[in-house]
Amino acid sequence: MGQSSPEILVYITDNKERIISGDPLTLYIPDSEEREICLTDLGKALRADVVQLKNGDHLLISR
């Protein structure tokens, strides 16, 4: 059995200008507290790792 490659499941940003259409799902959440709650809940639900980019945006990546 081979290992599957990690996949970006969700992109979360607080900057509308970084939203582009397509895959993965991109969420615009400007409130930092709400963003943290969503990251935690989605990370658990999707069994995904959370990565913060240097620009402050977040990725949820499959394990």
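1. K16 is placed in the loop between β1 and β2. The model is a predicted one, and the points below should be read with that in mind.

2. K16 counts as exposed because its relative accessible area is 58%, and the cut-off for that label is over 50%. As for its distance from another part of the chain, K16 and A45 are 29 residues apart in sequence, and their C-alpha atoms are separated by 25 Å.

3. The strands on either side of that loop pair with each other. Strand β2 covers residues 25–28, and its pairing with β1 is parallel, over four bridges. Within this pair, L25 of β2 is the residue that stands opposite V10.

4. Strand β1, residues 8–13, also pairs with strand β4, residues 58–62. Here the sense is antiparallel, again with four bridges. I8 has I61 in β4 as its bridge partner. β1 thus has a parallel pairing with β2 and an antiparallel pairing with β4.

5. Strand β4 has a further pairing, with strand β3 (residues 48–52). This one is antiparallel and runs over five bridges. V51 and L59, the latter in β4, stand opposite each other.

6. β3 and β4 make up a hairpin, with five residues lying between the two strands. In the turn, G56 has a positive phi, at about 95 degrees.

7. Taken together, the pairings to check on the model are β2 with β1, β1 with β4 and β4 with β3. Residue pairs that help to locate them include V10 and L25, I8 and I61, and V51 and L59.

Note on methods: Residues numbered from 1 in each chain as written. Predicted model: local features only at pLDDT ≥ 70, side-chain atom pairs only at ≥ 80, totals over all residues. Heavy atoms only, no water. Pairing = 2+ DSSP bridges. Buried < 20%, exposed > 50% of the residue type's maximum accessible area, 1.4 Å probe, protein only.
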